[in-house]
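Please read the following report alongside the sequence and the coordinates. It takes up the packing, the backbone, a group of paired strands and the empty spaces in turn.

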Amino acid sequence: LEQPRLVVIADSSMHTTAVRRSIGLASNSSSYRVVVVGGGAGGQAVSWALSRKLGKGAVGVIEPATVHYYQPMWTFVGAGAKRFEESRRNMADVMASRVDWIKAAVAEFRPEKNCVVTQDGKTISYDYLVVALGIQLDFGKVKGLAEAVGKNCVSSNYCPDTVEMTWKYLQDLKGGNAIFTFPNTPIKCAGAPQKIMYLADDLLRKKGIRKDVDISYYSALPVIFGAKKYAATLGEVAKRKGINLNFRNHLVEVKADSKEAIFENLDTKESKTVKYDFMHVTPPMSPPDVVKGSPLSDCGGWVDVDKETLQHKKYSNVFGIGDCTNVPTSKTAAAVAGQAGVLRKNLLAYMKGLAMTGKYDGYTSCPLPTGFGKLVLAEFDFDAEPLETFPVDQGKERRAFYVMKKDMMPFLYWNMLLKGRWSGPKPLRTLAHLGMNKR
C-alpha cells in the first residue's frame, strides 16, 4: 500500500520559489497524509517543518504560483531603499525537497470527504489539512481604482505589478497633494499604509520640496494605530512632519482623468472630493474567494479556527494559519511565525492522539519606519497590549530597529521562517528580560 501523504495548503500572500520536486498529477486523484494549500509564508513554514518529521512524499503543497515574494520589503522598494529583485525568489527554490509540489489552484474544499478539488478537476485526499491561503486584494471594490492603479500617479506597495511605481511617482512629484489611504476592511500589515508615508516625507525633504507638498492620510480607522502605546508615538511623528490626519474616511472612487479621489465619512456618510498629484492606495482586502462560503469559513468568509490551537472549530483534522483565518490579531509575517510553531506542535500531537498543548498568544509585530534610519518596533498580543522582545522602550524611534528591519529580517525570513525554523522571538524575549517576562 502507498504510504499516506500530507497535503498543506499554504499562504499565497507571500509567494517565493517552488519545491524541487513537483508533480502534475497524471491521474485524477492522489492522497497525502497532510495537504497544505498555498505556498506563502505560512504554508512554507508548516510544510518544511512537517516534512522533516513525516518524511519524503507525506506532505503535498498545492500552489499555482512560480514566484514567492518577501512582501514586507516592498515598503523599502517603494521608497527606493531596496531593489524589487531582492524581494522575489523562484518558488522551486524555497519549497522543501521532501514535499510534493502540486502546481494547481484549489477550486473547492470538501472537508466531509477529506479532500480538495483543484481547478483542473483533480481530487486530492488527505488525512489532515492545513489552509494557509493568505488574503486577496480587491482593487475592483473601489470604483475606478483597478483602472487607475499603476498609472495616473496612483500606486500601491501591496502589488508586485505596481510597487515600483511608488518610487517613480515620488521621484517625479514636484508639488501639490500627496494622499495615502487605509481601506474599510481587514488588511495585511496594517502599518504599511503609513510606513511609506513617513518615508515619502523624508524623500520630499531631501529633495527640498516638502514645503510644496501637502501630505494627507485618509484612514477608515478611528485611530492612527490599534495599539495605544505605539499610537501615541505615531501621532507625534505625524504632527512633527506636518501630516494631515483624516480618520473614519475611506476611498470609494478614483477619477483618474481629473486626478480626484472621493472619500466617504463612515460616520456621517458625507462624501468629499480631494485633488491629488500622487496617491498611494491600500486596496480593500478579503478572504480568498475559494474560502468564502465554503464549509471551512465563518460568516465573514475567513477560515474558522480556534484562536489559540489553530484547529478548525468544526473539522478537527483541519488547521489554519495566517491571513486567511479569523484569528483576531494583526495579519503579519510575524504573526505567521508565532502561529507556525503552535500549529506544528498541535497537529503532530493530534496525529498521535495526544492533547494539544500549544497555545498561540496573539503575538504579532509591525516594524514602523518613521523615516530613513528611524523605526518604532511595535509588538503586541490579542489585546493590543505590548509584548516586546527587547529590554528597551520599543515605542521610541530607534536606528538599531531600522537596521534590523531593513537588513536583518530578510535573512531571517528566507533562511529560518520559510524553512520552519523560526517560531517567533519568545525565547529571545525571555532571555532579554532575564526570564522575568511570564509571556
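## Strand 17 and its two hairpins

The model described here is predicted, and a convenient place to begin is the hairpin of strand 17 and strand 18, which has 5 residues between the strands and in which K269 takes a positive phi near 65°. Strand 18 covers residues 271-275 and runs antiparallel to strand 17, to which 5 bridges join it. Within this pairing, E260 has K275 of strand 18 as its bridge partner.

Strand 17 also pairs with strand 16 (residues 249-255), again in the antiparallel sense, over 6 bridges. Here N249 stands opposite N265 of strand 17, and the hairpin that strand 16 and strand 17 form has 4 residues between the strands, with K259 taking a positive phi near 50°. Strand 17 itself, residues 260-265, is mostly covered, since 5 of its 6 residues are buried.

## Two cysteines with positive phi

Most residues other than glycine have a negative phi. Against that background, C153 deserves a look, for its phi is positive, at about 65°, although C153 is not a glycine. C153 sits in the loop between helix 4 (145-148) and strand 12 (154-155).

C189 likewise is not a glycine and has a positive phi, of about 50°, and its place is in the loop that lies between strand 13 (176-182) and helix 6 (192-206). Are these two cysteines buried or exposed? Buried means under 20% relative accessible area, so C153, at 19% relative accessibility, counts as buried, whereas C189, with a relative accessible area of 21%, is partly exposed.

## Nonpolar cores

The largest nonpolar core holds 69 residues, of which V34, F109, L129 and V131 touch the most other members. Helix 8 (residues 333-351) gives the most to this core, contributing 10 residues. Apart from this core lies another, of 45 residues, with F180, V213, I215 and Y217 among them.

## The largest pocket

Turning from packed regions to open space, the largest pocket encloses about 780 Å³. Its lining is made up of 39 residues, and those closest to the centre of the pocket are Y70, A333, A334, P367 and M409. The elements that give two or more residues to this lining are helix 2 (74-78), helix 6, helix 8, strand 22 (364-371), strand 23 (374-380) and helix 9 (399-417).

Which element supplies the largest share of the lining of the largest pocket? That share comes from helix 9, with 8 residues. Sorted by class, the lining of the largest pocket has 25 nonpolar residues, 8 polar residues and 6 charged residues.

## Enclosed cavities

Besides the pocket, the model has 2 cavities of 30 Å³ or more. The largest cavity contains about 50 Å³ of space, and the residues that line it are G322, D323, T325, V327, T329, S330, K331, T332, A335, V336 and Q339. By class, this lining has 3 nonpolar, 6 polar and 2 charged residues.

The second largest cavity has a volume of about 30 Å³, and its lining is formed by Y70, P72, M73, F76, K82, K405, K406 and P410. Helix 9 gives the most to this lining, with 3 residues. Sorted by class, the lining of the second largest cavity has 5 nonpolar and 3 charged residues, and no polar residues. Y70 therefore belongs to two of the linings described here, being among the residues closest to the centre of the largest pocket as well as part of the lining of the second largest cavity.

## The surroundings of F382

F382 is found in the loop between strand 23 and helix 9. Leaving aside residues up to four places away in sequence, F382 touches K307, V327, P328, T329, Y360, D361 and G362. V327 and T329, which are listed among these contacts, also appear in the lining of the largest cavity.

What separates the C-alpha atoms of F382 and Y363? The two residues are 19 residues apart along the chain, and their C-alpha atoms are separated by 6.9 Å.

Note on methods
Residues numbered from 1 in each chain as written. Predicted model: local features only at pLDDT ≥ 70, side-chain atom pairs only at ≥ 80, totals over all residues. Heavy atoms only, no water. Core = buried A, V, L, I, M, F, W, Y, C linked by side-chain atoms within 4.5 Å. Buried < 20%, exposed > 50% of the residue type's maximum accessible area, 1.4 Å probe, protein only. Pairing = 2+ DSSP bridges. 1 Å grid on protein atoms, 1.4 Å probe; cavity = no way out; pocket = protein on both sides within 12 Å on 5 of 7 lines; lining within 4 Å. Points joined across faces, edges and corners; volume = space filled by probe spheres on them. Nonpolar A, V, L, I, M, F, W, Y, C, P; charged D, E, K, R; others polar. Contact = heavy atoms within 4.5 Å.
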